[in-house]
Structures are given as structure tokens and as C-alpha cells.
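Work through the exercises below with the coordinates open. Try each task before reading its solution.

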Amino acid sequence: MVEELVAAGATLASAGVVYVMAAARVVKQYERGVVFRLGRLRDEVRGPGFTMIVPFVDRLQKVNMQVVTMPVPAQEGITRDNVTVRVDAVVYFKVTGPSEAIVRVEDYRFAVAQMAQTSLRSIIGKSELDDLLSNREKLNQGLELMIDSPAVEWGVTIDRVEIKDVSLPETMKRSMARQAEADRERRARVINADAELQASKKLAEAAQQMADTPAALQLRLLQTVTAVAAEKNSTLVLPFPVELLRFLERAQQPTGVPQQVPQQPVPAQQQPVQEQLPPPVPRLEPGSEGSNSGQD
């Protein structure tokens, strides 16, 4: 009798262990458990930790609650200003409603990926090339709203959407490079012209100041000589005032002797031309013809 009771107790213990092993489940911290009892969704969502279900009756499905990083394949489209581009992006999303993510959509990851691709192609067609290159923050917000609207019903929240890269045709890249180079050259010329204008104004003021004070020119000359001599050059070029040369030339001429002004040759066109007259014609006296005839 005792042996039978011991055997029955061992059998019950074994059955209990098997039941516990079949019913025991462990839900991780970043997961939530959704229970289906005979195919019907239970309202209670199992939290992280140890939990029990009814074996062969309940089915526990775990849902990951972490932020998922999903790259969006590059989509090729034509912008509003008729430029063909290829744009790829990345989507960050997470599940906020485990029950909706399991019940309302078959595969929420695949659904979010397809919605991101179609939304990206739509945003390319509505934008211009300059917006894709320089105004990405606004495009990211618009793309996030387009994906998040249907995803809310699936228990998924779009955390962030970022456009990664915009690929342009080679011809468009060369055109943009030439445009940027021309713009930089234009700005360089404007800056150079502005600098020349400012320098000319300062030089004009300096010339006026030196004209009022002749000693300033000599001081400036000495400063130039000092600056050139500091570089240890073998050749030193000194500017010589032309006014000093003229003063020395006038000083060499003797006093009281009038300065002879060289006569300039008269051009050939201005020289008087002597008219050549024809030789005189002999005049015949009246009756000379008769005398000649008589002599004959």
C-alpha cells in the first residue's frame, strides 16, 4: 500500500513538473507577450519576467519593443524640376501597441518598409532638386508624417526618418561644379575690385597729404630704403624725384645767357612750294610775216 502511494506521488510530481515546464514562459525586458487562448486574443499583455500559460490551450507570442533601424532601398524618381535622382533613407520606428502590431497587420516590419519606399518616391516627385540638397530637415519631417499616419493603426510609432544620400547624374554634377566655380570667381573679382577701390582712396588721401607736406615724401622714401635694406639684398634701387633733376638742370645753365630754344624743323607739308611757271612765248610784231615773205 505504501509503495503504491509512493508511486502515485512520484507520478503526480512528474506530471506537475511536465506541466510546469510546458506552461512556464520567460519574457525579456525589451519584450511583451501577447496571449491567444484557443485563437482568441486575451486582453492582458504579459510583461517582462516569468509567466504561466495553459499548455495546449494558450499560445504566447512575443513582440520586440526596441527601436528598429530599417534602411530604405534607394528609390529613383524625377523631381518637380525634371531632374532624375536616386534617394535612399533610413527609418527608426518602434512598437507601442503589441496587440495591434500582431492582430491588425500580418508583418508590421514589411508593411513599414513598403510604406517608407512609396512615401520616399512620392516626396521625390513633390520636391525640387535644391530642396533635396539643402532643405532636408523639412523633407524628413514630411516623410515622417507620411509614414506615421497609417503606421499608428498598426501599433507602430515612427521615431525618426532621415534621408541618407542623393545621387545625381554625372552631367548634373559637372553643371553644378561649373556653376559653383563661376560664382566663386565672381565673388573673388568683386572682392578684388572693392579692395582696389579702397586702396585707391587711401592712396589719394596719402598723395594729398604728401603734397601739402613735402617732408612726408622724404620720410616715406627713407622708410622704403630701410625696409629694402633689412632683407639683405645686394641691389638697392632708390627712386629719384624728377623735380630734383629739373632743378639741377636749371642750376647748370649760366646766368644772363638766354636759353636757346631749338628750332623745330618745319614739316614737309607746311614748307612753301615754289610754283614753276611755263617758259615765255615770243611775241610776233605786226608785219613781220610780210617781211619774212619778201626776203624769201
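A nonpolar core is a set of buried Ala, Val, Leu, Ile, Met, Phe, Trp, Tyr and Cys residues joined through side-chain atoms within 4.5 Å. Keep that in mind for the first exercise. The model is predicted.

**Exercise 1. The core**

Task: find how many residues the largest nonpolar core has, and which residues have the most contacts inside it.

Solution.
Step 1. Count the members: the largest nonpolar core has 37 residues.
Step 2. Rank them by contacts inside the core. Val85 and Phe93 have the most.
Step 3. Map the core onto elements. Those giving two or more residues are the strands β2 (31-37), β6 (68-78), β7 (84-95) and β8 (156-167), together with the helices α2 (98-103), α3 (108-126), α4 (129-134) and α5 (136-151).
Step 4. Look for the main contributor. Helix α3 supplies the largest share, eight residues.
Step 5. Inspect Phe93, leaving out residues up to four places away in sequence. Its contacts include Gln66, Val67, Val68 and Met70. Tyr108, Arg109 and Val112 also touch Phe93. So do Val156, Thr157, Ile158 and Asp159.

**Exercise 2. The whole chain**

Task: state how many helices and strands the chain has, and what share of its residues count as buried.

Solution.
Step 1. The chain has nine helices and eight strands.
Step 2. It has 296 residues, and 20% of them count as buried.
Step 3. Turn to the surface. About 22,900 Å² is exposed, with 55% supplied by carbon and sulfur atoms.
Step 4. Take the contacts between residues at least 6 apart in sequence. Of these, 65% join residues at least 24 apart.

**Exercise 3. A helix pair**

Task: describe how the axes of helix α6 and helix α7 cross, and which residues make the contact.

Solution.
Step 1. Choose the descriptors. Two packed helices are described by the angle between their axes and the distance between the axes.
Step 2. Apply them to α6 (residues 170-212) and α7 (residues 214-229). The axes come within 4 Å and cross at roughly 115 degrees.
Step 3. List the contact residues. Helix α6 brings Met210, Ala211 and Asp212. Helix α7 brings Pro214, Ala216, Leu217 and Arg220.
Step 4. Sort them by class. The contact of α6 with α7 has five nonpolar, no polar and two charged residues.

**Exercise 4. Arg136 and its partner**

Task: find which backbone oxygen the side chain of Arg136 reaches.

Solution.
Step 1. Locate the residue. Arg136 is in helix α5.
Step 2. Classify its exposure. The partly exposed class lies between 20% and 50% relative accessible area. Arg136 has 26% relative accessibility, so it counts as partly exposed.
Step 3. Find its contacts, skipping residues up to four places away in sequence. Arg136 touches Asp131, Ile163, Lys164 and Val166.
Step 4. Pick out the polar reach. The Arg136 side chain comes to 3.5 Å from the backbone oxygen of Lys164.
Step 5. Check the separation. Arg136 and Lys164 are 28 residues apart along the chain, with C-alpha atoms separated by 9.7 Å.

**Exercise 5. Ser99 and Asp43**

Task: decide whether Ser99 is buried or exposed, then do likewise for Asp43.

Solution.
Step 1. Ser99 sits in helix α2. Its relative accessible area is 16%, so Ser99 is buried.
Step 2. Asp43 sits in strand β3 (residues 40-46). Its relative accessible area is 78%, so Asp43 is exposed.
Step 3. Compute the separation. Asp43 and Ser99 are 56 residues apart in sequence and 8.5 Å apart in space, C-alpha to C-alpha.
Step 4. List what touches Ser99 beyond four places in sequence. The contacts are Val34, Leu41 and Val45.

**Exercise 6. Positive phi**

Task: find where Leu38 and Asn82 lie, and what phi each has.

Solution.
Step 1. Recall the background. Most residues other than glycine have a negative phi.
Step 2. Leu38 lies in the loop between β2 and β3. Its phi is positive, near 55 degrees. Leu38 is exposed, at 70% relative accessible area.
Step 3. Asn82 lies in the loop between β6 and β7. Its phi is positive, about 60 degrees. Asn82 counts as exposed, at 67% relative accessibility.

**Exercise 7. Phe50**

Task: find which residues Phe50 touches beyond four places in sequence.

Solution.
Step 1. Phe50 is in strand β4 (residues 49-52).
Step 2. Its relative accessible area is 57%, so Phe50 is exposed.
Step 3. Phe50 touches Ala24, Arg25 and Val26.
Step 4. Phe50 and Ala24 are 26 residues apart in sequence, and their C-alpha atoms are 7.2 Å apart.

Definitions and conventions
Residues numbered from 1 in each chain as written. Predicted model: local features only at pLDDT ≥ 70, side-chain atom pairs only at ≥ 80, totals over all residues. Heavy atoms only, no water. Buried < 20%, exposed > 50% of the residue type's maximum accessible area, 1.4 Å probe, protein only. Contact = heavy atoms within 4.5 Å. Areas by Shrake-Rupley, 256 points an atom, 1.4 Å probe, with all protein chains shown as cover. Axes fitted to C-alpha atoms, helices over the stretch in contact; angles between N-to-C directions. Nonpolar A, V, L, I, M, F, W, Y, C, P; charged D, E, K, R; others polar. Polar contact = N/O pair within 3.5 Å; in protein donor to acceptor, adjacent residues only side chain to side chain.
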